[in-house]
Amino acid sequence: MSQYSMIIQWSDEDQLFLVTIPEFAELVFMPCTHGKTREEAIRNGEEVIEMYLESWQIEGESIPEVSQL
């Protein structure tokens with residue numbers, strides 16, 4: 001599992017949990033995914049993180065640093 005941060009927030013407007021990945025904020029439109037439940041949102045967030053990391057690696061792009069809290 002990756003070490004990137006995920007912020008999960010409920011959206012009354014969308015009636016979904018929205019996922020934001022702070023380390024990707026300058027590179028990816030946020031929120032980057034969602035879920036009907038917190039668990040689904042977390043799973044989707046993890047999949048998106050892996051997808052972007054693989055894509056950036058293949059394309060030779062810089063990979064964002066993991067936030068050190």
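**Exercise 1. Find the residues that form one aromatic cluster, then classify the Trp 10 and Phe 17 pair.**

Step 1. Tyr 4, Phe 24, Tyr 52 and Trp 56 form one aromatic cluster. Rings of Phe, Tyr and Trp (its six-membered ring) count as a pair if their centres lie within 6.5 Å; planes under 30 degrees apart are stacked, over 60 edge-to-face, and the rest tilted.

A quick word on ground rules: this is a predicted model, where local features need pLDDT of at least 70 and side-chain atom pairs count only at pLDDT 80 or more, while totals for chains, interfaces and linings use all residues. Residues are numbered from 1 along each chain as its sequence is written, and side-chain values use heavy atoms, with hydrogens and water left out.

Step 2. The structure holds five aromatic pairs. In one of them, the rings of Trp 10 and Phe 17 have centres 4.8 Å apart and planes at 65 degrees, so call that pair edge-to-face.

Step 3. Now check accessibility, where buried means under 20% relative accessible area, exposed over 50%, and partly exposed in between (1.4 Å probe, protein chains only). Trp 10 comes out partly exposed at 40%, whereas Phe 17 is buried at 17%.

**Exercise 2. Describe helix H1: its span, its buried residues and what covers them.**

Step 1. Helices (H or I, at least four residues) and strands (E, at least two) are DSSP runs, numbered from the N terminus. H1 covers residues 38–59, which is 22 residues.

Step 2. From first C-alpha to last, H1 reaches 31 Å, close to the 32 Å expected at 1.5 Å a residue. That expected span is 1.5 Å times one less than the number of residues.

Step 3. Buried in H1 are Ala 41, Asn 44, Gly 45, Val 48, Ile 49, Leu 53 and Trp 56. An α-helix has 3.6 residues a turn, so residues three or four places apart point the same way. Glu 46, also in H1, is partly exposed at 26%.

Step 4. The cover over those buried residues includes strands E1 (7–11), E2 (16–20) and E3 (33–35); contact here means heavy atoms within 4.5 Å.

Step 5. Just past the helix, Gly 60 takes a positive phi of about 75 degrees.

**Exercise 3. Which residues of the largest nonpolar core touch the most other members?**

Step 1. A nonpolar core is a set of buried Ala, Val, Leu, Ile, Met, Phe, Trp, Tyr and Cys residues joined through side-chain atoms within 4.5 Å.

Step 2. Of the 14 residues in the largest core, the answer is Ile 21, Phe 24 and Cys 32. E2 and H1 each supply at least two residues of this core, and the largest share, five residues, comes from H1.

Step 3. Leaving out residues up to four places away in sequence, Ile 21 touches Tyr 4, Ser 5, Met 6, Met 30, Cys 32, Gly 45, Val 48 and Ile 49.

**Exercise 4. Pick out the backbone oddities at Gln 15 and Pro 31.**

Step 1. Most residues other than glycine have a negative phi, and most peptide bonds are trans.

Step 2. Gln 15, in the loop between E1 and E2, has a positive phi of about 60 degrees although it isn't a glycine.

Step 3. Pro 31 sits in the loop between E2 and E3. A cis peptide bond joins Met 30 to Pro 31, with omega about -5 degrees.
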